[in-house]
Amino acid sequence: MTYTVRKFDAVIVGAGGAGLRAAIQLSEAGYKTAVLTKVFPTRSHTVAAQGGVAASLGNSEEDHWHWHMYDTVKGSDWLGDQDAIEFMCRKANEVVVELEHYGMPFDRLDNGKIYQRPFGGHMSNFGEKPVRRSCAAADRTGHAMLHAMYQRNIKVNTQFFVEWQALDLVRDADGDVLGVTAMDMETGEIVVFHAKATIFATGGSGRIYYSSTNAFINTGDGLGMAARAGIPLEDMEFWQFHPTGVAGAGVLITEGVRGEGGILRNSDGERFMERYAPNAKDLASRDVVSRAMTTEINEGRGCGPNKDFVLLDITHLPPETIMKRLPGIHEIGLQFAGVDCLKEPLPVVPTCHYQMGGIPTNYLGQVVVPKDGESSVPVQGFYAAGECACASVHGANRLGTNSLLDLLVFGKSAGETAVADLGKSGNAHKPLPQEAIDRTLARVDRLNHQKVGADVHDTRLSMQRAMQKHAGVFRFKDMLAAGVDRITEIEQEVARTQIKDKSKVFNTARIEALELDNLIEVAKATIVSANARTESRGAHVRDDATDTPETPDGRDDKNWLKHTLWYREGSRLDYKPVHMKPMSVDTIELKKRAY
Amino acid sequence: MTNAARTVHFKIYRYDPDQDAKPYMQDISVEIESTDRKLLDAMVKLKAQDDSISFRRSCREGVCGSDAMNINGKNGLACLTAMDSFPEGKPIVLRPLPGLPVIRDLIVDMTQFFKQYNSIKPYLINNDPPPERERLQSPEDREELDGLYECILCACCSTACPSFWWNPDKFVGPAGLLAAYRFIADTRDQATSDRLDDLEDPYRLFRCHTIMNCVDVCPKGLNPTKAIGKIKEMMVRRAV
Ligand SMILES: Cc1cc2nc3c(=O)[nH]c(=O)nc-3n(C[C@H](O)[C@H](O)[C@H](O)COP(=O)(O)OP(=O)(O)OC[C@H]3O[C@@H](n4cnc5c(N)ncnc54)[C@H](O)[C@@H]3O)c2cc1C
Ligand code: SF4
Ligand code: SF4
Ligand code: FES
């Protein structure tokens with residue numbers, strides 16, 4: 001098999017929100033940059049984000065980045081790194097205003113400022129009462145944002161490689177990152193993108209679960225590539241199940257619906273969140289609401305013939321409000337639930353939505369790994385941002401609207417750090433190690449020649465079903481242990497997948513097989529990390545973690561206030577401390593989390 | 001809810017330049033369940049059966065614009081097309097979007113489409129130094145962008161437009177013109193007269209003969225013809 005080498009200053013893998021934001025930085029600085037993406041940039045899954053992006057602009061009422069920081073730390077169940085969280089919350093106004101300057105069509109208040117709505121877990125005055133912090137463009141915020149950033153990239157002349165699939169990270173014997181190998185999907189050609197800076201912005205991996213709000217393309221490619229190159233994955237046991245996915249379809253109904261006044265009801269018509277979160281009610285943190293819903297369903301108060309969903313009711317809202325602020329939801333109701341939400345409540349269930357963990361990074365967007373006794377040493381030439389990265393600002397549970405913020409802030413800082421590092425680097429590229437390229441050639445070669453083996457579609461489905469069963473909203477000791485075995489079995493199937501389509505031209509069967517190589521790494525990291533963490537924290541809640549005075553709600557700070565690191569080799573686990581010290585303010589002290 | 005299986009028949013345009021001398025229509029059937037509500041669900045099942053059938057897809061909820069194709073003669077998104085909207089007993093005919101070169105099966109080369117999009121300078125132009133905070137815009141001014149900014153660049157419209165078929169290199173096409181008007185209509189944009197100058201051309205704008213195919217097929221319910229009309233109006237107004 002043949003390949004060619006192309007040289008760039010920087011290569012960015014991913015053209016969703018994070019990748020596009022980083023690309024603006026590099027293009028404006030004039031560096032020769034290649035942005036690789038599996039799909040045309042505006043088809044990246046950022047396009048699906050609905051509810052908004054958090055910033056304490058205070059356009060409707062008093063707000064402060066420090067309150068936002070408090071909410072984020074609390075939302076993270078104290079697993080988030082407080083330096084990175086402070087950095088993000090302080091930068092929020094700057095990056096949201098920049099986006100407005102790029103042309104993003106935010107909704108407006110009467111005074112002409114950006115419209116803001118309430119969102120789960122976002123409160124004023126250190127947890128007192130909900131605050132309007134989510135900056136929104138109707139319920140199409142992600143679409144408006146992604147298009148605005150793509151348009152900005154057209155303006156600054158970014159060079160895109162559209163429908164190129166990155167396959168492996170190139171790392172040399174010193175551990176430095178020197179680019180990626182990639183395939184031109186249209187022709188099957190393999191190219192090594194040799195670069196001094198490599199930024200991963202490959203998004204989430206929600207497709208490891210059967211029922212997910214994520215797009216087909218969200219297959220954790222960045223995580224798989226990093227893991228194969230010996231980079232650990234951080235906090236992969238923490239997956240957010242969004243309370244309101246359309247039952248049966250998985251399509252998301254934004255929390256903005258509850259922000260605008262929507263109410264969750266069980267089969268008795270009861271507003272059950274009043275029992276679980278007397279203060280924040282339907283706007284409690286996502287993990288809290290998802291568990292409450294699951295409990296209602298498990299106790300027989302679900303709706304429908306199989307009593308397997310609850311209802312999201314907005315029929316009491318003025319139709320004008322719905323059509324103005326939530327037009328996309330109205331459309332989704334009609335399309336995917338067959339329900340007109342002006343007249344009838346929507347059937348919803350908790351659905352896999354967001355990966356809190358990822359490639360370990362710091363607030364500068366550098367990828368960091370343990371080395372020589374230190375827990376976070378930057379990997380030369382490697383940066384990551386957005387959902388594929390773990391900064392860690394979301395800790396054990398992300399607040400809604402903090403992800404679009406994350407990708408702006410850390411997309412920008414990864415870009416800035418790469419620009420600064422490129423400025424210091426010499427002209428020469430370090431020599432390419434043959435071994436890293438051989439890994440890619442071997443993977444593709446195997447698929448091209450394998451005649452009998454496991455079916456890609458069936459194997460992926462078994463993995464998705466197993467993850468759903470063994471590592472869902474509630475987790476059980478025995479199920480987790482069995483899940484590790486099950487995923488390990490499926491891993492062996494993945495190693496012998498077979499495709500019938502052997503064409504070179506736009507071979508989507510091959511693309512899916514290569515994606516499955518990444519999904520399985522993410523699934524394995526998740527189940528192994530979850531099995532090991534014997535406490536409950538944020539989105540990770542297990543039956544054997546008991547509620548005691550020392551371990552409130554099963555959270556065991558004495559033993560488990562630490563980040564997990566999963567290494568692919570030997571499926572080994574390591575841990576590193578949480579950064580409890582912010583950059584300028586006092587530590588937000590540990591306390592029991594209640595809404 | 002029952003998940004009763006039923007069989008659906010397809011006729012699909014197939015062409016793999018690596019293997020086939022020329023394109024052909026393939027007859028193929030697949031078992032689907034009642035939970036397979038949309039055409040895309042059925043196509044995913046089809047692909048599980050024959051992995052060589054090639055098409056783009058991503059979000060499966062009508063926001064990414066990947067899976068535009070010609071469905072029973074009309075352009076649309078597979079993920080928003082309900083299986084129960086098809087007449088029973090007749091095969092569902094799937095072809096690539098018309099007028100663009102086919103890369104493989106239902107995958108077309110959209111270079112020309114995006115070239116036209118880029119040609120209208122699809123970004124906000126405002127040369128004032130950016131203020132510290134957001135630029136202000138009244139809710140009414142912002143409302144002018146509704147029905148324009150929601151475009152997902154699926155190309156259903158432009159590839160249904162006869163004027164675009166004949167002059168894909170010269171006529172901007174409905175999607176590009178919708179985008180052009182999106183910036184013209186934005187009170188924050190300062191390049192209105194340059195934008196109008198650029199379109200004042202027998203081809204770029206004036207190839208549109210108000211045939212309305214574009215409006216008919218837009219899966220997001222947008223109205224490029226109306227936007228084109230407004231641009232033409234502005235040209236007339238500035239001429240007098
Ligand atoms: C339905 C939905 C609604 C949401 N709503 C909100 C919200 O209201 N507010 C909020 O804050 N968050 C929201 N989120 C979360 C948020 O949208 C995502 O976390 C975020 O958009 C991820 O952005 P990203 O740039 O990291 O990745 P993505 O936008 O997913 O982009 C990933 C990019 O990587 C590319 N890529 C991946 N693998 C490869 C490869 N191998 N080779 C080349 N390119 C590759 C893809 O082509 C794509 O361009 C929502 C998420 C979902 C699913
Ligand atoms: S109205 Fe104009 S743009 Fe639309 S299809 Fe007709 S000619 Fe094309
Ligand atoms: S105007 Fe409608 S049909 Fe045309 S590209 Fe945009 S969304 Fe698609
Ligand atoms: S798959 Fe995204 S629009 Fe249909």
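The dialogue below goes through several features of this predicted model, from the contact between its chains to its backbone geometry.

Me: How many residues does each chain bring to the contact between chain B and chain A, and how much area is buried there?

Reply: Chain B contributes 62 residues and chain A contributes 68 residues, and the area buried between the two is about 5300 Å², with carbon and sulfur atoms giving 50% of that area. On the side of chain B, Arg60(B), Glu134(B) and Tyr149(B) supply 12% of the area that this chain buries against chain A, which is more than any other three residues supply.

Me: How many salt bridges are counted between chain B and chain A, and what is the count over all chains?

Reply: A salt bridge is read here from a side-chain nitrogen of Lys or Arg within 4 Å of a carboxyl oxygen of Asp or Glu. By this rule there are 9 salt bridges between chain B and chain A, and the count over all chains is 75. One that you can look up is formed by Arg188(B) and Glu100(A), whose closest N and O atoms are 2.8 Å apart; this pair crosses between chains, from the loop between α5 and α6 of chain B, where Arg188(B) lies, to helix α3 of chain A, which holds Glu100(A). Another joins the side chains of Lys220(B) and Glu331(A), at 3.4 Å from N to O.

Me: Which residues are around ligand 3, and how do they divide by character?

Reply: The residues around ligand 3 include Cys151(B), Cys154(B), Cys156(B), Cys157(B) and Cys218(B), along with Pro219(B) and Lys220(B). The shell divides into 11 nonpolar residues, no polar ones and 1 charged.

Me: Which residues surround ligand 2, and which helices each supply at least two of them?

Reply: Among the residues that surround ligand 2 are Cys161(B), Cys208(B), His209(B), Asn213(B), Cys214(B), Thr225(B) and Ile228(B), and helices α7 and α8 of chain B each supply at least two residues of this shell. Its residues divide into 7 nonpolar, 5 polar and no charged.

Me: How do α6 and α8 of chain B cross, and which residues make the contact?

Reply: An angle of 65 to 115 degrees between axes counts as roughly perpendicular. The axes of α6 and α8 of chain B come within 11 Å and cross at roughly 100°, and the two helices are therefore roughly perpendicular to each other. Helix α6(B) makes the contact through Thr192(B), Ser193(B), Leu196(B), Asp197(B) and Leu199(B), while α8(B) makes it through Ile231(B), Met234(B), Met235(B) and Arg238(B). These residues divide into 5 nonpolar, 2 polar and 2 charged.

Me: What should I look for in the backbone of chain A, at Lys281(A) and at Ser392(A)?

Reply: Most residues other than glycine have a negative phi, and most peptide bonds are trans. Lys281(A), although not a glycine, has a positive phi of about 50°, and this residue is placed in the loop between α7 and α8 of chain A. Ala391(A) and Ser392(A) are joined by a cis peptide bond with omega about -10°, and Ser392(A) lies in the loop between β18 and α11 of chain A.

How values were computed. Residues numbered from 1 in each chain as written. Chains lettered and ligands numbered in written order. Predicted model: local features only at pLDDT ≥ 70, side-chain atom pairs only at ≥ 80, totals over all residues. Heavy atoms only, no water. Axes fitted to C-alpha atoms, helices over the stretch in contact; angles between N-to-C directions. Helix = DSSP H or I, 4+ residues; strand = E, 2+ residues; numbered from the N terminus. Parallel < 35°, antiparallel > 145°, perpendicular 65-115°, else oblique. Contact = heavy atoms within 4.5 Å. Nonpolar A, V, L, I, M, F, W, Y, C, P; charged D, E, K, R; others polar. Near = heavy atom within 4 Å. Buried area = accessible area lost by both parts, 1.4 Å probe.
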